[in-house]
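Reader: I'm new to this one. Could you take me through the nonpolar core and the helices packed around that part?

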Amino acid sequence: MKPHLMLSLLAATLLTACTQETTDERAANMLKEARYALHHHLYNEARDTILSLRRNCPTAIEARQQAILLLDSIEMNAAADSCKLATGEEWKRLNVKRQFFERKLQEDLKSIHN
């Protein structure tokens with residue numbers, strides 16, 4: 001193989017590795033932002049951050065797995081908070097939604113650990 005071709009391949013490999021690291025770091029930061037928003041009951045912001053992570057960091061596999069669980073927690077907590085203010089049929093609907101995401105979170109945890 002010619003030296004300049006080998007250098008080009010090496011440069012491309014290094015660039016790809018650096019880009020991947022940047023993507024993973026960006027995804028990790030987005031997870032932190034979403035967790036912060038969840039902690040402060042900013043559910044729409046937390047949801048939007050997770051959706052942005054999915055869209056902008058398709059190769060950050062570990063962060064995307066964590067984002068699945070985090071989104072379940074966001075939905076579950078949002079429904080639980082909404083239940084506090086709801087009555088009648090609205091409360092029933094929100095409670096079913098909360099229970100659904102609680103079970104989904106448990107199943108997602110099982111699948112990730114297997």
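Author: Sure, one term before we start: a nonpolar core is a set of buried Ala, Val, Leu, Ile, Met, Phe, Trp, Tyr and Cys residues joined through side-chain atoms within 4.5 Å, where buried means under 20% relative accessible area with a 1.4 Å probe, counting protein chains only. This is a predicted model, so local features need pLDDT of at least 70 and side-chain atom pairs count only at pLDDT 80 or more, while totals for chains, interfaces and linings use all residues. Residues are numbered from 1 along each chain as its sequence is written, and side-chain values use heavy atoms, leaving out hydrogens and water.

The largest nonpolar core has 18 residues, and Ala 27, Leu 31, Ile 50, Leu 53, Ala 63, Leu 70 and Ile 74 have the most contacts inside it. At least two core residues come from each of helix H1 (3-39), helix H2 (43-56) and helix H3 (61-85); helices here are DSSP runs of H or I, at least four residues, numbered from the N terminus. Leaving aside residues up to four places away in sequence, Ala 27 touches Leu 53, Cys 57, Ala 60 and Ala 63, contact being heavy atoms within 4.5 Å.

Now for the H2 and H3 pair. Their axes, lines fitted to C-alpha atoms over the stretch in contact, lie 10 Å apart at an angle of about 160°. H2 and H3 are therefore roughly antiparallel, a label for angles over 145 degrees. Among the residues making this contact are Ile 50 and Leu 53 of H2, and Ala 63, Leu 70 and Ile 74 of H3.

Stepping back, the protein has four helices and zero strands, and 31% of its 114 residues count as buried.

Key: Buried means under 20% relative accessible area, exposed over 50%, partly exposed in between (1.4 Å probe, protein chains only). Axes are lines fitted to C-alpha atoms, for helices over the stretch in contact, and angles run from 0 to 180 degrees between N-to-C directions. Angles under 35 degrees count as roughly parallel, over 145 as roughly antiparallel, 65 to 115 as roughly perpendicular and the rest as oblique.
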